[in-house]
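Visitor: I would like a close look at one part of this protein, taken slowly, with its surroundings described afterwards. Please choose a place where two helices meet and connect the details as you go.

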Amino acid sequence: MESKSRMKFGAVNFRARIAYGILPIAIAATLTFAPRAWSAAPTSEQAPAAALQQLLDGNARYVGDKATHPAARPSDAAQHPLAVILSCSDSRVPPEILFDQGVGALFVVRDAGNTYDQLALESIQYAVGHLGTRLIVVMGHDQCGAVTAAVNEYPKPTQSPLLKNIYPAIKESKGKPGDAVSNAISENAVLVAKKLAHDPQFAPLVASGELKIIPARYNLATGAITRLGEK
């Protein structure tokens with residue numbers, strides 16, 4: 001009986017060794033022959049003006065309580081988002097809902113204070129460089145906690161990347177008429193959009209008109225989105 005158990009255990013152990021030996025080969029083969037998303041050329045590009053209009057139309061439906069909630073089902077189709085939305089992480093600011101867009105329509109990057117670090121920048125660069133997205137919306141919002149915290153701390157030295165990213169907006173808007181926090185919220189979206197526009201990967205596309213980067217502000221009470229920086 002003991003001999004049979006040992007034989008059985010030995011057979012299982014042998015099969016396990018074979019499996020573990022094959023597994024790395026299988027993984028390597030999968031990585032070798034799988035499509036390389038990061039090196040793929042854009043397959044779909046929508047003009048910035050058309051993409052922006054689609055977003056504005058969706059927001060109008062949302063504000064008017066006539067949202068259609070399109071494409072609200074799971075999808076494994078290739079993605080071709082019409083816009084990148086760089087927005088705050090605030091739970092009251094869900095881009096897909098307030099723009100009335102469905103699965104696959106938006107490439108959303110969210111961070112407190114709608115600023116960005118290197119990781120977020122590379123995410124945006126991926127959408128523009130590999131998915132063909134031609135519109136970036138930097139969206140601030142009323143009552144932003146991150147901006148409020150930065151206003152309360154400015155101009156104290158800080159080690160917080162979050163506060164440091166927002167400090168330039170406070171400096172730029174300081175002394176202007178109106179509420180200091182509200183002014184900084186709008187200025188922050190404007191400055192972040194300008195900073196993105198000067199990124200080496202984006203600047204040529206912005207100059208040629210192929211890529212549009214716009215700052216905007218979301219009104220929590222009404223649900224309306226307003227473009228900023230327009231004269």
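Guide: What follows starts at one helix contact and then moves outward to other places in the chain. The model is predicted, and everything below should be read with that in mind. As a setting, the protein has eight helices and five strands, which follow one another from the N terminus in the order α-α-β-α-β-α-β-α-α-α-α-β-β. Of its 231 residues, 37% count as buried, and among the contacts with a separation of 6 or more, 68% are between residues 24 or more positions apart.

The part chosen is the contact of helix α5, residues 145-153, with helix α6, residues 161-173. Two packed helices are described by the angle between their axes and the distance between the axes. Here the angle is about 75 degrees and the axes are 9 Å apart. Since angles of 65 to 115 degrees count as roughly perpendicular, α5 is roughly perpendicular to α6. On the α5 side the contact is made by A146, V147, A149, A150, V151 and E153, and on the α6 side by L162, L163, I166, Y167 and I170. By character, the residues of this contact divide into ten nonpolar, no polar and one charged.

The loop between these two helices deserves its own attention, and its aromatic residue is best placed among the ring pairs. The structure holds two aromatic pairs, and a pair of aromatic rings is described by the distance of the centres and the angle of the planes. One of them joins F107 and Y126, with 6.3 Å centre to centre and 50 degrees between the planes, a tilted arrangement. Because F107 lies in strand β2, residues 106-110, and Y126 in helix α4, residues 118-130, this pair ties together parts that are 19 residues apart in sequence. F107 counts as buried at 14% relative accessibility, and Y126 also counts as buried, at 13%.

The rings of Y154 and Y167 bring us back to the chosen part, for their centres are 5.1 Å apart and their planes stand at 85 degrees, so the pair is edge-to-face. Y154 sits in the loop between α5 and α6, while Y167 belongs to helix α6, and the pair links these distant parts of the chain, 13 residues apart. Y167, which is also one of the α6 residues in the helix contact, is buried, with 11% relative accessibility.

Backbone geometry adds a further detail to that loop. Most residues other than glycine have a negative phi, and most peptide bonds are trans. Y154 and P155, however, are joined by a cis peptide bond, with omega about 5 degrees, and P155 has its place in the loop between α5 and α6. Y154 thus takes part both in the cis peptide bond and in the edge-to-face pair with Y167.

Just ahead of α5, in the loop between β3 (135-141) and α5, Q143 has a positive phi of about 55 degrees although it is not a glycine. Q143 counts as exposed, at 55% relative accessibility. Another non-glycine residue with a positive phi is D100, at a value near 50 degrees, in the loop between α3 (95-98) and β2. In contrast to the exposed Q143, D100 is buried, with a relative accessible area of 2%.

From α6 the view can also be carried on to helix α7, residues 180-197, where E187 is found. Apart from residues up to four places away in sequence, E187 touches A169, E172, S173 and K176; E187 counts as buried, at 14% relative accessibility. Elsewhere, K195 lies over the face of Y116, at 4.9 Å from the ring centre.

One last residue, C88, lies in the loop between β1 and α3 and is buried, with a relative accessible area of 5%. When neighbours within four places in sequence are left aside, C88 is in contact with V93, R110, D111, A112, G113, N114, M139, H141 and C144. With N114, C88 shows a separation of 26 residues in sequence and 4.3 Å in space, C-alpha to C-alpha. A second such approach, between A77 and G104, spans 27 residues in sequence and 8.4 Å in space, again C-alpha to C-alpha. A77 is found in the loop between α2 (48-63) and β1 (83-87) and is exposed, with a relative accessible area of 53%.

Notes:
Residues numbered from 1 in each chain as written. Predicted model: local features only at pLDDT ≥ 70, side-chain atom pairs only at ≥ 80, totals over all residues. Heavy atoms only, no water. Axes fitted to C-alpha atoms, helices over the stretch in contact; angles between N-to-C directions. Helix = DSSP H or I, 4+ residues; strand = E, 2+ residues; numbered from the N terminus. Parallel < 35°, antiparallel > 145°, perpendicular 65-115°, else oblique. Contact = heavy atoms within 4.5 Å. Nonpolar A, V, L, I, M, F, W, Y, C, P; charged D, E, K, R; others polar. Phe/Tyr/Trp six-rings, centres within 6.5 Å; stacked < 30°, edge-to-face > 60°. Buried < 20%, exposed > 50% of the residue type's maximum accessible area, 1.4 Å probe, protein only. Lys NZ or Arg CZ within 6 Å of the ring centre and 35° of its normal.
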